[in-house]
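Thanks for making the time this morning. I would like to walk you through one structure, beginning with a single residue and working outwards, so please have a look at it first.

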Amino acid sequence: MSLKNLCRLLRHGSLQTRLLATESLGSRLSSSAINQSVVCCGSSVNQSTHKLSGCRQFHTSIPRNDENESMPDPETGWPKLKEEKEWLDYNKIVYPPQKPGDPKRPAEICHLRKHIKYSPKKLWYHTLMIRGMSVDEAIKQLSFQKHKGAHIIKETIEECQEIAVKDHNVEFKSNMWVEDSFMKQSAIVKGFRIMGRGRGSRVRYRYVHYFLRLREGKPPKHYYPPPETGYEKMENYIKDQRKRRIFLAL
């Protein structure tokens with residue numbers, strides 16, 4: 001019997017017919033060469049064995065790639081991405097000693113929060129909002145938000161403040177501003193929502209990484225380029241007009 005007919009029996013057949021179709025489909029899956037590894041309960045198992053064992057845990061959809069991944073994180077069991085290590089390596093940079101009279105080099109502290117169970121599209125708005133703000137102003141603005149992502153970012157900023165004072169010799173934890181704040185999607189966990197009448201739908205549970213960099217000192221007046229004034233627009237227009245040339249002319 002073809003796979004299409006088996007699916008039709010699973011959807012519209014009687015109870016006895018569904019049981020027979022399930023056994024036939026299970027034997028096909030076990031005989032087929034499906035050797036993709038999935039992460040289940042913190043360990044790597046065979047995908048066909050994982051499906052037939054009846055485990056209700058979800059499996060991640062991240063492909064195994066040695067260039068982008070390393071061994072799983074022992075604390076969380078999730079695959080450890082390359083970007084995480086590279087981001088935290090910025091804290092290990094040692095600059096040469098400064099000469100007398102040179103301006104003081106401000107400290108920069110990088111921090112991240114891994115595998116946040118939150119929507120990337122929702123967290124994106126909060127990451128953009130606090131860029132260029134002082135630490136106290138960012139914490140104050142995030143405290144007024146009722147969203148889960150705002151409180152997660154607030155906790156990450158407070159953790160980064162403690163690291164700055166403890167490990168990077170920052171004298172005042174309030175004398176810092178948010179130099180960089182962005183997020184990146186980490187993993188997509190696929191699940192299945194069971195409905196009535198033998199129907200169901202696929203569900204995607206998304207996880208994100210949040211990256212943060214604080215810089216010592218006062219925040220700049222304009223983090224993004226300020227809008228042009230009327231005089232600047234006029235000067236740019238005149239320059240563009242003077243650059244005009246006639247095609248194939250002398």
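Leu-112 sits in strand E6, where helices (H or I, at least four residues) and strands (E, at least two) are DSSP runs numbered from the N terminus. Leu-112 is buried, at a relative accessible area of 10%, and buried here means under 20% relative accessible area, exposed over 50% and partly exposed in between, with a 1.4 Å probe and protein chains only. Before going further, I should say that this is a predicted model, in which local features need pLDDT of at least 70 and side-chain atom pairs count only at pLDDT 80 or more, while totals for chains, interfaces and linings use all residues. Residues are numbered from 1 along each chain as its sequence is written, and side-chain values use heavy atoms, with hydrogens and water left out.

From Leu-112 to Ile-153 there are 41 residues in sequence, and 9.7 Å in space from C-alpha to C-alpha. Taking contact as heavy atoms within 4.5 Å, and not counting residues up to four places away in sequence, Ile-153 touches Leu-123, His-126, Thr-127, Ile-130, Leu-142 and Tyr-210.

That brings me to the largest nonpolar core, a core being a set of buried Ala, Val, Leu, Ile, Met, Phe, Trp, Tyr and Cys residues joined through side-chain atoms within 4.5 Å. It has 25 residues, and Ile-153 is among those that touch the most other members, as are Ile-109, Ile-130, Ile-157, Met-176, Leu-212 and Leu-214. Two or more residues come from each of strand E6 (108–117), helix H6 (135–143), helix H7 (148–167), strand E7 (176–194) and strand E8 (200–216). Which of these elements gives the largest share of the core? It is H7, with six residues.

Now to H6, whose buried residues are Val-135, Ala-138, Ile-139 and Leu-142. Seen down the helix axis, these buried residues of H6 fall within an arc of 95° (taken from the directions from the axis to the C-beta atoms), so they line one face of the helix. They pack against helix H5 (120–129), H7, E7 and E8.

Finally, the chain as a whole: there are eight helices and eight strands, and 28% of the 250 residues count as buried. Among contacts with a separation of 6 or more, 61% are between residues 24 or more positions apart.
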